[in-house]
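Here are some worked exercises to help you find your way around a new structure. Try each task first, then walk through the solution.

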Amino acid sequence: MTNDVYIIGTGQTPVGEHWGLGMRELASAAVVEAIADAKTEGVDALYVGNMLGGALNGQENVATLIADAVGLLPAEALKIEAACASGAAAVRAAFLAVASGVHQLAVAVGVEKMTDALPDVVTSALATAADQDFEASHGLSFVALSALMMRRYLYETKQDRGAFAPFALLAHQNAATNPKAMFREPISTEQFLGCAMAAEPIGILDAAPVCDGAAAVVLCSKAMLRPHHRPIRVASSSVATDTIALAARPDILALRAAARSASRAFAAAQCTPEDIDLFEAHDAFTIITALSLEACGFAPRSEVLKRAAEGYYARGGQLPISTFGGLKARGHPVGASGTYQIAEAVLQLRGEAGPNQVPRARRALTQSIGGHGSVAVAHILEA
Amino acid sequence: MKSKIPVGILGYGAYIPRLRLHTKIISAIWRAAGSAAPAVAEKSVPALDEDVITMSIEAGRTALERAGIAPDRIGALWVGTESKPYAVKPSATVVAQALGITPQLVAADMEFACKAGSEAMQAAVAFVGSGLVQGALAIGMDTAQARPGDALEYTAGSGGAAMLFGPASGALALVEASTSFVTDTPDFFRREHAPFPEHGGRFTGEPSYFHHTLSASRRLLNEVGREPKEYAHAVFHQPVPKFVERVAKELGFTEEQVRTGLVARRMGNAYAGSSLLGLAAVLDVARPGDRIFFCSYGSGAGSDAFSFQITGAAANPRRGPTVEDYLSRSHHVGEYGEYLRARRKIRY
């Protein structure tokens, strides 16, 4: 039996190239904003989602760094690392701490500072989340792994790359009205089709950008709720894993960790995919968006791209996804993306999403995927 | 900054090698399908017998001819470059000897990435403006390096210009004021013994080129109390034309004001020679009374900004080859391999 957990505050820095700011400044800004939004004091614990602090910034012990910078000492502070899902995993840790009754109020912040390194260094650092012995060391970067998956998908479904355009277009469209987003300009199908290739068939407009950012959420128990709070309940939180090597999976297009994290989240929240009003998907590559929609049970493979073409996932469609631009256009500061998703879902459920508001949003699913599907973290939030 | 004694440009000269390379030849070898087209259509390439020393001598000779002064009146010579033929041993001494300026002079090579030439201009203004010397020759000249396949290779060009400073009386252009804006910003560098520079990708833009160029430019406009519209021409360091177009727009200069000085469109980025070449191109056509705005940029990083006014006092300021003469004299390298050989990029 666990205690109910609520989110009572969010904070986000703009996502982009923050040439003058480091991890310390970015994370501090997000945490301070989230605590101010929650109008609370007395943080029991800080959980920091971060993937590349060691590899790109030469900084480990990141949670202590940030607790120190924000003035939370001597609170418990731990870094949680789950590749690109690190931010969502930090929220998971905060959820467990409050649900168990060990802590009453915990802050989860995701932060990543990627632009201080050159692109090839960043690509290598990201590849440390893949199987180093059997895949990454042979040059299989994340773009390359995702390209293998996308090529297989195109072959099996007899589609061409253009069928993925709606995912990139809707992300940029949604980001256009998000002041925190990195790319606030809509793109056209022609631009998508003509863009430079990163690893064929993945073009740069299939892929989320390298960037900096931090987002934070404040979680608390029912006992901590005050009349001024606009609490959003964490109806469920789950994590699942799959083989770290892509080659070890019987079907490289089946995101089993994503499927399991979603099914566990639905079971714990006692709801089904039909009950979800919006889905913050892990759209790091358009292929991953399609595969995660399938894995979460929103659509069978034969329907995913067809529905995308029909506007099913756009704002105003039956299942809006990436409502603030997603990883693709809001940006993907890797260890922070999961907390951005959750902070954005909270804004939707509070009815504070402004021009990005999904009408009558009552229940949201967020899913953050690390290591091309080897780890997935899902949360269902309810207004 | 303003010198105690008024200083002006007495003469100037440019040099651009004759060889050109169509950047589509580089694209054919290196560019990924769908990636952005090269920033310039062609760039200048030094022949095997051209280097910063020979090119500086040519530009310096034109500057002396135009100034019409005896070489022994020149008391200082600096060569600002990223392409020193000798790592240790000045290029400036060879240039000075060839121009007949030796032995009574201050001479050295200057290094500040792409603003080494304008750094020499600042020093020249200071030496003349303090009365230490009657003439000082500031040269910015480069045979720009770029690793094969690097984004820089599409624009790295060769050329530069010499600016001869002296007392304002009889000068063809007056120095109204200058400023310098410098921070430690490691956007682009070449390590000792390394043949090619490294750069920080997108970091070379916003926090580097734009921050320093805009900051120095705004400070200078503020110091002289002028609006961009009061200038007939504006010259900036030109790594790629679109960088210049953007700073011009942000500062309030028009396309018309920057067109003449934007020589990179036709020959690429001559690193330390780039902004001085643009200034020389403007001096070739400017009329008496015209004001010229100038702002360099050098990685590492900093910008020198100058405000000039054309006097009309010089008797024959445009003797010898103009920048346009050099730009329109060209022979195109036919193959990438020929270019690699000319640039001594084949190593074994």
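**Exercise 1. Find out how strand E6 of chain B pairs with its neighbours, and which way its residues point.**

Start with one neighbour: E6(B) and strand E7 (residues 158–167) of chain B pair in the antiparallel sense over eight bridges. Strands here are DSSP runs of type E with at least two residues, helices are H or I runs of at least four, and both are numbered from the N terminus. Two strands pair if DSSP finds at least two bridges between them. As a landmark, Leu137(B) stands opposite Leu164(B) in E7(B).

Before going on, a word on the model and its labels. This is a predicted model, where local features need pLDDT of at least 70, side-chain atom pairs count only at pLDDT 80 or more, and totals for chains, interfaces and linings use all residues. Residues are numbered from 1 along each chain as its sequence is written, while chains are lettered from A and ligands numbered from 1 in the order in which they are written.

Next, look at another partner: strand E4 (residues 76–80) of chain B runs parallel to E6(B), with five bridges. There, Gly80(B) has Gly140(B) as its bridge partner.

Now the burial. E6(B) covers residues 136–143, and eight of its eight residues are buried. Buried means that 20 or more other C-beta atoms, placed from the backbone, lie within 10 Å of the residue's own; 12 or fewer is exposed, and in between is partly exposed.

Last, the directions. In a regular strand the side chains alternate between the two faces of the sheet. Ala136(B), Ala138(B), Gly140(B) and Asp142(B) point one way, while Leu137(B), Ile139(B), Met141(B) and Thr143(B) point the other way.

**Exercise 2. Place Pro46(B) and list what it touches.**

First, locate it: Pro46(B) sits in the loop between E3 and helix H2 (52–67) of chain B. Is Pro46(B) buried or exposed? It counts as buried, because Pro46(B) has 24 C-beta neighbours inside 10 Å.

Then check the contacts (two residues are in contact if their C-beta atoms, placed from the backbone, lie within 7 Å). Leaving out residues up to four places away in sequence, Pro46(B) touches Pro17(B), Leu19(B), Asp51(B), Thr143(B), Ser158(B) and Ala342(B). Ala342(B) is 296 residues away along the chain, yet its C-alpha atom is 6.9 Å from that of Pro46(B).

**Exercise 3. Split chain B into domains and describe where they meet.**

Begin with the bounds, which come from an automatic or database domain assignment: domain 1 is 7–172 + 328–342, and domain 2 is 173–310. The C-alpha centres of the two domains of chain B lie 16 Å apart.

Now the contact: domain 1 of chain B gives 43 residues and domain 2 of chain B gives 42 residues. On the domain 1 side, strand E1 (7–15), strand E3 (42–45), helix H4 (116–129), E6 and E7 of chain B each supply at least two residues. H4(B) has the largest share, seven residues.

Finally, sort that side by type: 23 nonpolar, 14 polar and six charged. Here Ala, Val, Leu, Ile, Met, Phe, Trp, Tyr, Cys and Pro count as nonpolar, Asp, Glu, Lys and Arg as charged, and the others, Gly among them, as polar.

**Exercise 4. Trace the nine-stranded sheet of chain A.**

Chain A has 13 helices and 11 strands. Nine strands form an open sheet with mixed pairing, in the order E3-E2-E4-E7-E1-E8-E11-E10-E9. At the edges are strand E3 (76–80) and strand E9 (278–280) of chain A, each pairing on one side only.

Take the E9(A) edge: E9(A) pairs with strand E10 (residues 363–370) of chain A in the parallel sense over three bridges. Glu280(A) stands opposite Thr366(A) in E10(A).

Then add a helix: H13 (residues 334–350) of chain A packs on the sheet, and its direction makes about 125° with that of E4(A). Such angles run from 0 to 180 degrees between N-to-C directions, with axes fitted to C-alpha atoms, for helices over the stretch in contact.

**Exercise 5. Look at where the chains meet.**

How many residues does the contact take from chain A and from chain B? It takes 10 residues from chain A and 10 residues from chain B. The chain A side divides into six nonpolar, three polar and one charged.
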